[in-house]
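I opened this entry to keep track of what I looked up, topic by topic, beginning with the interior and ending at a strand residue.

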Amino acid sequence: MEHIVIIGNGISGVTTARHIRKLSDKKITIISAETDHFFSRTALMYIYMGHMKYEHTKPYEDYFWKKNNIELKRAFVEKVNHEQKELLFADGETMAYDKLVLAVGSKSNKFGWPGQDLDGVQGLYNFQDLEQLEKNAPNSKVCKRAVIVGGGLIGIELAEMLHTRNIPVTFLVRESSFWDGVLPEGESKMLNRHIKNHHIDLRLGMNLKEILADENGKARAVVIPETGEEIACDLVGLTAGVSPNVDFLKESGIELGRGIKVNPFLETNIKDIYAIGDCAEQHEGINGRRPIEAVWYTGRMMGEALAQTICGNRSEYKPGHWFNSAKFFDIEYQTYGWVFAKPRENEMHFHWKHDDDTKCITICTEASSGKFLGINTFGIRMRHEVFDRWLTEERSTDYVMQHLKNANFDPEFFKKVEPSILAAYNNQTVNA
Ligand SMILES: Cc1cc2nc3c(=O)[nH]c(=O)nc-3n(C[C@H](O)[C@H](O)[C@H](O)COP(=O)(O)OP(=O)(O)OC[C@H]3O[C@@H](n4cnc5c(N)ncnc54)[C@H](O)[C@@H]3O)c2cc1C
């Protein structure tokens with residue numbers, strides 16, 4: 001019987017396994033060095049914050065795997081030998097495969113900062129990082145101050161986590177405004193204020209020069225080059241992005257860029273080896289999307305497509321319209337379609353912000369045609385399926401504005417803000 005081996009028990013690897021099982025009785029093995037069972041990485045923060053126990057983050061009961069005849073192996077794969085179709089584990093054991101799925105995820109970026117490997121310095125990606133965080137920052141007595149380096153989605157999650165344990169946080173953000181490489185100015189500036197309102201010591205336009213050690217080799221302070229300041233701390237959180245976890249594949253003959261290079265069928269350059277999820281890099285982004293998409297739902301979609309291919313129905317990964325969501329302390333963020341930090345050629349932005357400074361909307365329109373290209377919303381929950389349909393139907397922004405209430409989750413609340421949004425939009429149109 002054909003043996004499908006999947007390295008990685010995250011959302012993408014597990015989705016592939018589940019769908020192969022639905023479609024066939026092939027032998028399936030999932031390997032992971034991280035945990036015995038699949039858990040929701042996006043819920044890591046809630047474990048630290050006490051909202052959930054680790055057990056609650058497992059989408060499937062432990063008996064699920066045996067019942068579905070999916071074998072689990074806890075081990076680190078050190079090498080892939082594609083000529084022999086064999087894996088070599090760190091303990092010297094080997095395993096043969098017929099088809100191999102690389103679903104190996106990401107790792108936290110480190111940029112060669114002096115002191116980056118000291119005790120007390122860590123990223124926030126895997127379960128071991130969470131255990132480390134419990135050691136480094138259990139409370140404000142052990143951790144009198146934390147410094148977070150890197151202002152993205154994971155950095156702000158870490159700030160919120162530490163804040164719930166009353167640990168003072170200094171947040172070093174290289175950009176002159178939070179996440180302004182991704183978010184338009186009005187949104188980014190609103191988040192600067194929101195972060196500061198939570199008593200986070202947000203330092204915009206500041207980098208990390210080095211991390212200093214105490215006599216036991218533990219981090220004791222960071223140095224900021226812009227000011228020469230030395231900030232005493234017990235934890236340094238490195239959250240300057242993630243990158244594909246592919247170091248162990250460097251000598252494998254599998255084509256690598258930043259990630260594992262794949263075609264739209266998620267096939268690598270080597271027959272019977274595939275890559276999906278955070279670690280996969282398309283030769284060219286599909287429909288304007290980035291070649292590497294490190295988000296949860298795309299891993300699931302790639303897993304579903306690949307299961308079809310492996311079971312004989314060769315299928316492309318077709319992700320549809322881009323969307324994403326996140327949370328910045330109390331503010332929920334959603335994005336549908338494309339809204340770039342600055343309008344590109346032949347694009348214009350409409351921006352509206354509520355007086356309470358926690359809600360805003362930015363809409364991107366194709367200037368020449370009036371076509372709706374995308375929307376960012378903060379603090380106002382919208383319906384995914386409605387925006388997905390409007391993008392497919394290539395509606396105009398005028399149409400979207402007229403029907404905006406249909407896309408909202410909370411009609412009572414929306415009644416209150418809609419007049420203000422429409423007035424701003426009509427005013428902008430008159431002034432254009
Ligand atoms: C704190 C945090 C919050 C996030 N929040 C969101 C969110 O709100 N929304 C969202 O869309 N996305 C979010 N993400 C991103 C999302 O979690 C990832 O995109 C997704 O989990 C990636 O899934 P994956 O299956 O590709 O890889 P992973 O989940 O990383 O799984 C890969 C697995 O492979 C194992 N592995 C790697 N190499 C080897 C090897 N050589 N041998 C054995 N095992 C190996 C790893 O240990 C790991 O267990 C968040 C990520 C983090 C870290």
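**Nonpolar cores**

I began with the interior of this predicted model, where the largest nonpolar core has 48 residues, and where V80, L87, L100, L102 and I260 are those with the most contacts inside it. Looking up which helix gives the most to this core, I found α7 (residues 296-310), with 5 residues. Apart from this core lies another, of 40 residues, and I noted A137, A159, I195 and A326 among them. As background, I keep in mind that nonpolar side chains tend to be buried together in soluble globular proteins.

I then followed L102 outward, leaving aside its neighbours within four places in sequence, and listed its contacts as I7, L249, I254, I260, I273, Y274, A275, I276 and C279.

**Ligand site**

Which residues come nearest to the ligand? Of the 29 residues around the ligand, I recorded S12, E34, V77, Y125 and D278 as the nearest. Sorted by class, this shell has 15 nonpolar, 10 polar and 4 charged residues, and helices α1 (11-23) and α5 (153-164) each supply at least two residues of it.

For the polar pairs, I looked at backbone and side chain in turn. A backbone N or O atom of V77 lies 2.9 Å from a nitrogen atom of the ligand, whereas for V295 a backbone N or O atom lies 3.4 Å from a ligand oxygen atom. Y125 takes part through its side chain, with a polar atom 2.5 Å from an oxygen atom of the ligand. I also noted that the protein covers 90% of the 1,000 Å² of accessible area that the ligand has on its own.

**S188**

Is S188 buried or exposed? S188 lies in helix α6 (residues 185-197), and I count S188 as buried because its relative accessible area is 0%, which is under the 20% limit. Leaving aside neighbours within four places in sequence, I found S188 in contact with S177, F178, D180 and L183.

**E332**

My last stop was E332, which lies in strand β22 (residues 331-337). With a relative accessible area of 32%, E332 is partly exposed. Not counting residues up to four places away in sequence, E332 touches A326, K327, T377, F378, G379 and R381, and with R381 I could add that a polar contact of 3.0 Å joins the two side chains. I also checked E332 against E316: they are 16 residues apart in sequence and 32 Å apart in space, C-alpha to C-alpha.

Definitions and conventions: Residues numbered from 1 in each chain as written. Predicted model: local features only at pLDDT ≥ 70, side-chain atom pairs only at ≥ 80, totals over all residues. Heavy atoms only, no water. Near = heavy atom within 4 Å. Polar contact = N/O pair within 3.5 Å; in protein donor to acceptor, adjacent residues only side chain to side chain. Areas by Shrake-Rupley, 256 points an atom, 1.4 Å probe, with all protein chains shown as cover. Helix = DSSP H or I, 4+ residues; strand = E, 2+ residues; numbered from the N terminus. Nonpolar A, V, L, I, M, F, W, Y, C, P; charged D, E, K, R; others polar. Buried < 20%, exposed > 50% of the residue type's maximum accessible area, 1.4 Å probe, protein only. Contact = heavy atoms within 4.5 Å. Core = buried A, V, L, I, M, F, W, Y, C linked by side-chain atoms within 4.5 Å.
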